Amino acid sequence: FKGGDTCEYLLSSGRFLGEKVWQPHSCMMHKYKNSEAKNCLIDKHVVFIGDSRIRQLFYSFIKLINPQVKEEGIKHGNIPFEDKSASIKVDFLWYPEVNGSMRQRIKSWTEGSVAKPHIIVVGAATWSIKIHNGSNEALAQYKINITSIAPLLEKLAISSDVYWVLQDPVCEDMLSESRKMITNEKIDAYNEAAVRILNSSSRNSKAKVKVFSVSKLIAQETIMKSADGLHLPESSRDTNAMILMNVYCNKIMKPIDGSCCQPQPPLTLIQKIAFCFFTLSIIGYLIISLIHRNNYRKNKSCTDLESGEEKKPAISIPNVSTLEMLLHCFCKLGLIMTYFYLCDRANLFMKENKFYTHSSFFIPIAYILVLGVFYTENTKETKVLNREQTDEWKGWMQLVILIYHISGASTFLPVYMHIRVLVAAYLFQTGYGHFSYFWIKGDFGVYRVCQVLFRLNFLVVVLCIVMDRPYQFYYFVPLVTVWFMIIYATLALWPQIIQKKANGNCLWHFGLLLKLICLLTCIYFLSYSQGAFEKIFSFWPLSKCFELNGNVYEWWFRWKLDRYVVFHGMLFAFIYLALQKRQMISEGKGDPLFSNRVSNVLLFISIVSFLTYSIWASSCKNKTECNELHPSVSVVQILAFILIRNIPGSVRSVYSSFFAWFGKISLELFICQYHIWLAADTKGILVLIPGYPIFNVLVSTFIFVCVAHEISQITNDLAQIVVPKDNSTLLKRLLCIAGFFSGLHFFSAMQDQSRH
């Protein structure tokens with residue numbers, strides 16, 4: 001950890017990812033949209049002073065505000081720009097040399113009650129080299145002039161942001177004859193003089209002129225693409241303008257994916273309370289452990305000095321108490337949450353932007369598939385979608401989704417559409433698994449509901465507190481939670497229809513189908529009635545859970561994207577269990593699911609359907625149009641995969657224990673990646689080891705997987721304590737949980753009030 005200000009890194013260092021994506025050292029750069037740039041610069045006055053290179057930067061900067069601007073101004077004159085809708089003024093002032101005229105203009109802003117610009121960008125040197133034919137006398141005069149200007153710039157820097165742009169290198173072979181005297185050696189000499197003189201007299205950190213030296217690094221990589229060897233290509237100057245926008249606007253707009261120049265967010269009231277709670281848990285656990293250890297030593301067997309025989313302890317070692325287990329879990333959780341906070345809230349570790357290449361996605365995919373094949377074992381049972389198989393399915397899907405996120409593959413539409421199917425497959429399993437449980441067991445008790453809700457939501461609730469994020473931010477957990485409650489309500493409401501009851505009378509099957517049709521009708525209505533959907537989830541306390549940025553639109557979009565797939569999972573479970581009950585399928589070890597002829601036909605149809613969907617997804621040109629079709633057609637590939645995986649008995653009888661292991665902690669992996677594998681709430685990549693990207697991914701992945709596994713264990717242990725089987729004890733626990741959320745709501749309201 002080098003420390004230092006990320007603004008300095010943004011202005012002075014970085015590298016290209018590919019050809020056009022600039023990656024600052026240690027932090028992430030946000031790509032500002034026109035609306036964001038306007039909101040940041042509202043009522044601001046920006047001034048660019050210098051030569052034709054500064055004019056280039058001026059045009060790239062104002063195009064961030066208004067992309068329709070054309071470069072039609074006077075070449076050797078002042079150029080004004082104004083956006084009246086946001087009261088933004090941006091001026092270019094033509095001062096190609098650092099001389100008395102430039103000094104006089106800058107001095108005018110330091111005198112009297114003249115309004116000072118909020119941002120001042122200055123730079124010039126190449127004209128001095130050109131006019132004076134690169135003479136040493138010109139360099140000496142440049143030093144004198146910049147020495148006279150420096151105190152004025154430092155005075156302005158107290159109240160304004162002042163940037164001195166160093167001169168970019170040139171491509172000497174491409175320069176015209178009239179510019180041959182502008183050499184990189186001369187440019188380096190002028191830059192060295194500027195850096196040495198600027199801020200030499202300033203002791204106040206607020207009165208510092210910021211040196212914009214990163215442009216030199218960008219130019220070194222791209223000047224060969226210049227039209228004349230002197231001026232940067234458009235993509236490079238656009239990068240410079242975006243850097244300038246990040247330096248000024250990140251501290252104002254606080255974009256999630258713009259960590260450069262952002263101060264560490266202050267601890268909220270709820271975070272402070274959580275810190276105290278975890279600290280007390282750690283202290284409490286250590287005290288209890290020491291007491292038990294001392295008791296154990298006192299009761300430890302000792303040797304009788306007279307007989308030489310070993311005496312047994314008078315009492316046995318006591319079992320671990322509920323309190324000790326509770327404190328042990330919170331102790332571990334507190335240490336883990338500290339790591340979460342340090343990774344993604346404190347400015348301790350570096351963060352970098354994602355950059356997609358085909359190799360960064362497909363090579364790891366091939367690698368994990370090969371690993372999965374090497375860990376093939378026989379299943380304990382050979383039923384369709386048995387436990388080992390569903391764990392395997394969750395596991396490989398989760399690994400693919402993780403690779404998709406860290407590689408930034410969402411920019412590649414065919415990959416995005418296939419990943420959408422994997423997310424849909426998770427929800428399909430939600431519908432299939434919960435329907436099967438309620439249908440077969442008929443257990444609609446409170447204990448079952450509380451167990452499921454606790455296991456799904458425990459980690460997310462803790463992260464909402466520690467990381468200061470809304471519940472809807474972790475969108476997948478609210479999604480599966482709501483769908484679980486919908487499945488429960490559909491089957492638990494009168495008349496309760498379960499398999500045992502339906503076996504006695506076939507009419508109950510039609511009753512269940514009627515329930516499913518009603519559910520489908522409600523889903524269809526809500527998917528095409530955004531107003532009704534938003535009204536339902538805008539009521540308190542639902543609004544506190546499902547609002548993001550002040551509205552529930554994001555929740556509606558996420559729900560709508562996979563609106564039918566849970567219903568498809570429920571329907572598939574109903575049909576499969578009905579066929580199984582009537583012994584219409586063969587699930588013996590090594591046996592095909594149906595007769596050979598039927599199995600071969602279904603297998604052929606499944607393979608064709610699977611490939612057809614992949615071809616359609618790969619040919620997608622518009623994400624919006626494909627997302628509209630996705631809810632209706634994603635089930636095709638899901639069902640095709642299930643049939644391909646289960647029709648051949650030899651395939652159904654084996655599974656990959658490697659994938660199944662990851663499948664058991666898939667929910668924890670999905671949630672933990674937000675903060676300790678990725679960074680900036682999934683927008684970037686966490687960098688624990690700078691300069692070694694592959695080694696960094698290996699180390700961060702190892703820690704990430706270990707943490708996810710540990711959290712899974714903690715959740716399981718706490719579920720046994722917090723959600724007991726005894727109804728009276730469970731009721732007391734529920735009252736305590738209600739009190740906890742009431743307190744959380746109270747402190748949240750206090751927090752919001754203090755923010756406003």
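These questions and answers walk through parts of a predicted model.

Visitor: What is the mean pLDDT of the protein?
Guide: The model is predicted, and each residue carries a confidence from 0 to 100. In this protein, 96% of the residues reach 70 or more. The mean pLDDT is 92.

Visitor: Over which residues is the pLDDT below 50?
Guide: One stretch has 13 contacts in the model beyond near neighbours in sequence. Its pLDDT is nevertheless below 50. The stretch is residues 302-318.

Visitor: Which feature does UniProt place at residues 22-72?
Guide: Over residues 22-72 the chain is 43% helix and 18% strand. The end C-alpha atoms of this range are 28 Å apart. The name comes from UniProt, in an unreviewed entry: "domain: NXPE C-terminal".

Visitor: Is strand β3 largely enclosed or not enclosed by the rest of the structure?
Guide: β3 covers residues 45-50. On one side H45, V47 and I49 are buried, and on the other V46, F48 and G50 are buried. That makes six of the six residues buried, so β3 is largely enclosed.

Visitor: Which residue of β5 stands opposite V47?
Guide: Strand β5 spans residues 88-94. β3 and β5 pair in the parallel sense over six bridges. Opposite V47 in β5 stands D91.

Visitor: Which residue of β6 stands opposite G50?
Guide: β3 also runs parallel to strand β6, residues 119-123. Five bridges join β3 to β6. Opposite G50 in β6 stands G123.

Visitor: Which strands stand at the edges of the sheet β9-β13-β12?
Guide: This open sheet has three strands in the order β9-β13-β12, with antiparallel pairing. Two of them have a single partner strand each, so one side of each is left without a neighbour in the sheet. The edge strands are β9 (350-353) and β12 (678-679).

Visitor: What is the bridge partner of N353 in β13?
Guide: Strand β13 covers residues 684-687. Four bridges join β9 to β13, and the two run antiparallel. The partner of N353 is G684.

Visitor: Where does helix α15 bend?
Guide: α15 has 21 residues, 446-466. From first C-alpha to last it reaches 29 Å, close to the 30 Å expected. The bend is about 45°, at N457.

Visitor: How many residues of α15 are buried?
Guide: Buried means under 20% relative accessible area. α15 is largely enclosed by the rest of the structure, because the residues buried number 16 of the 21.

Visitor: Which residue with a positive phi follows α15?
Guide: The phi in question is near 55°. The residue is D468.

How values were computed
Residues are numbered from 1 along each chain as its sequence is written. This is a predicted model: local features need pLDDT of at least 70, side-chain atom pairs count only at pLDDT 80 or more; totals for chains, interfaces and linings use all residues. Side-chain values use heavy atoms; hydrogens and water are left out. Two strands pair if DSSP finds at least two bridges between them. UniProt positions are given in the numbering used here, feature names are shortened, and annotations may be inferred rather than shown by experiment. The expected span of a helix is 1.5 Å times one less than its number of residues. The bend at a residue is the angle between axes fitted to the seven residues ending there and the seven starting there. Buried means under 20% relative accessible area, exposed over 50%, partly exposed in between (1.4 Å probe, protein chains only). Contact means heavy atoms within 4.5 Å.
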